[in-house]
Amino acid sequence: MFEILVFATLNGLVTGLLLFMLASGLTLIFSMMGVLNFAHASLYMLGAYFAYSISLYLGFWLGLLIAPLLVGVLGALIERYGLRRVHQHGHVAELVFTFGLAFLIDEAVQFFWGPDTKNYQSPDVLDFPLFTLFGQEFSAYRGFMIGISVLIFIGLYRLLTRSRVGIIIQAAITHPHTVANLGHNVPLIFMAVFGVGSALAGVAGVIAGPVLTTFPGMAAVLGSIVFVIVVIGGLGSLAGALIASLLIGLLQSYAIASNLGVADLLNLLGLEFSRDHPLTDLWTLTLPQIAPILPYLLLILVLIFRPTGLLGNREQ
Amino acid sequence: MSESTANMLEVKNLHAYYGKSHILQGVSFKVQEGEIVSLLGRNGVGRSTTVKTIMGEVAPQGSIIFKGKEIAGKPSYEIANLGLGYVPENRDIFPTLTVRENLLLGVKGATSSGRWSIDEVFGMFPNLGARADVHGGVLSGGEQQMLCMCRTLMGDPDMIMIDEPTEGLAPKVVEQVGTLLQEIANRGVAILLVEQKLSIAMKISQRVYVMGHGQVVYEGDPQSLLGSESIRKEWLEV
């Protein structure tokens, strides 16, 4: 039991931190521009595909460096020549634009790379067990995923809270006019934030590609969960996004690792149902079976009991 | 010195609209180097809109020449970087940033090397110095006003436009605002003071303009305005 808990926690951390890398960019962009970027997960997928192609010629590590840069530049161009022009027509136009962009990127990926799964592998140098616990191996690559996610979180946190650029970004989120009146080029800041947010999605794609497989549906797999995370965490809250990412990562991981059924949970609550009840099918489900819908159940609970999200503020 | 170089700011026939409402209907005035000028008038006559339009927050029609350059239609950050500072009416301090961070935001470029430094500001206003690491949102109204003005000064402007700096402040704090305005002028910075009340404007201004119905309706020095009861009654007194 203990060993299952330890490994479920580690796997939950890997998933949670990966989700946070996506959610952090999304929430940062939302905070500044009020735009929910539907194409964010598609940029994550592009990161994986770029890295796959680069790794064929230059190896994994250069892919890790170059692919996020390419995605970041693409993100900045999307903001500069797409969103900024659409912005004057309001939020609905912006949403439709990013929605269309997601389709465009998904189709482009299939056009250039084909519909099949790519053989994008983790580097050989990380192809060993980092440690063996209770007879189970924890791969070095998963350890690397945790390490790089934590490093990025610390870097992002320090950049936003300790640096002059971070102070300007924080102020521009709430008071763009005042920041512009003090001589700061707010549109350039917005473009840079969009670029960095996209690059973060790119990094997530690069490191997730070898584990979660690189295929044209990978954006759809994580895309909707990332939106669930930013809503649960509180729209625009970076700390909320971190908590929600870890919460969902761990929740799913524990559910998959457990061998409990819905009936066992109901029994814990002192409820018992007979076998011939019309809803029998519902409580013969096991937790691993319902793991994929748990984030959405959590979303519903949060929307009912705390509509602003865990750390979000009610909009004035 | 020719008149064109002595002019810090020259606004000619400025028009501005909010939707279909014609707010500014041909405003013209000028501020010379190192001068303190007040823009007076009742609420709703277009004083705040005038400074917002100069600053690029509202789309201008007409001519705005600052330090010999046409700035009408330029984005706010470019205007600020040319040396025009603006302290808005609503004291837009950043409530979740500390007092020091608020001041740092006013600095253009990586370091401050102008007429003002953060240490100097803390020397002038010990209350701000004592709360350097406290969030700006917890300061009193007067302290927020000082912070807002000092934050703009950090950018070392050659001219500063200040919208209603004494609004809602206690008489003692109003005095402090007056002292700071004098200090700003002593350092060669031109001031455009936008006020509804006459008290502080009359004491420190060299020239005054009175606005009414989106236009400048009077221009003169404070003494003449004080002597002109009809103008005050028609355009200023409530």
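**Note on chain B of a predicted model**

1. The buried residues of helix H7 in chain B pack against a mixed set of elements of that chain, namely strand S6 (84-87), helix H4 (99-106), helix H5 (118-124), helix H6 (126-130), strand S7 (159-163) and helix H8 (171-186). The model is predicted, and what follows should be read with that in mind.

2. Helix H7(B) itself covers residues 141-153, and its 13 residues reach 19 Å from the first C-alpha to the last, which is close to the 18 Å expected at 1.5 Å a residue. H7(B) is mostly covered, with 12 of its 13 residues buried; the buried residues include Gly142(B), Glu143(B), Gln144(B) and Gln145(B), and also Arg151(B), Thr152(B) and Leu153(B). Met146(B), Leu147(B), Cys148(B), Met149(B) and Cys150(B) are likewise among the buried residues of this helix.

3. Two of the strands that H7(B) packs against, S6 and S7, also belong to an open sheet of 6 strands in chain B, whose order is S6-S7-S8-S3-S9-S10 and whose pairing is mixed. The edge strands are S6 and S10 (215-220) of chain B, each of which pairs on one side only. On average, and with direction ignored, neighbouring strands of this sheet are turned by 20 degrees against each other.

4. At the S10 edge of the sheet, strand S9 (residues 207-212) of chain B runs antiparallel to S10(B), and 5 bridges join the two. Gly212(B) stands opposite Gln215(B) in S10(B). The loop between S9 and S10 of chain B holds His213(B), which has a positive phi of about 50 degrees although it is not a glycine. His213(B) counts as exposed because it has 12 C-beta neighbours inside 10 Å, and a residue is exposed at 12 or fewer.

5. A second residue with such a backbone angle is Arg91(B), which is not a glycine and yet has a positive phi of about 45 degrees. Arg91(B) is found in the loop between S6 and H4 of chain B, and because it has 23 C-beta neighbours inside 10 Å it counts as buried. For a reader checking these two angles, the background is that most residues other than glycine have a negative phi.

6. The contact between the chains takes 18 residues from chain B and 16 residues from chain A. On the side of chain B that touches chain A, the elements giving two or more residues are helix H3 (76-81) and H4 of chain B. The residues of that side divide into 10 nonpolar, 4 polar and 4 charged. H4(B) is also one of the elements against which the buried residues of H7(B) pack.

Terms used. Residues are numbered from 1 along each chain as its sequence is written. Chains are lettered from A and ligands numbered from 1 in the order in which they are written. This is a predicted model: local features need pLDDT of at least 70, side-chain atom pairs count only at pLDDT 80 or more; totals for chains, interfaces and linings use all residues. Helices (H or I, at least four residues) and strands (E, at least two) are DSSP runs, numbered from the N terminus. The expected span of a helix is 1.5 Å times one less than its number of residues. A residue is buried if 20 or more other C-beta atoms lie within 10 Å of its own, exposed if 12 or fewer, and partly exposed in between; C-beta atoms are placed from the backbone. Two residues are in contact if their C-beta atoms, placed from the backbone, lie within 7 Å. Two strands pair if DSSP finds at least two bridges between them. Axes are lines fitted to C-alpha atoms, for helices over the stretch in contact, and angles run from 0 to 180 degrees between N-to-C directions. Ala, Val, Leu, Ile, Met, Phe, Trp, Tyr, Cys and Pro count as nonpolar, Asp, Glu, Lys and Arg as charged, and the others, Gly among them, as polar.
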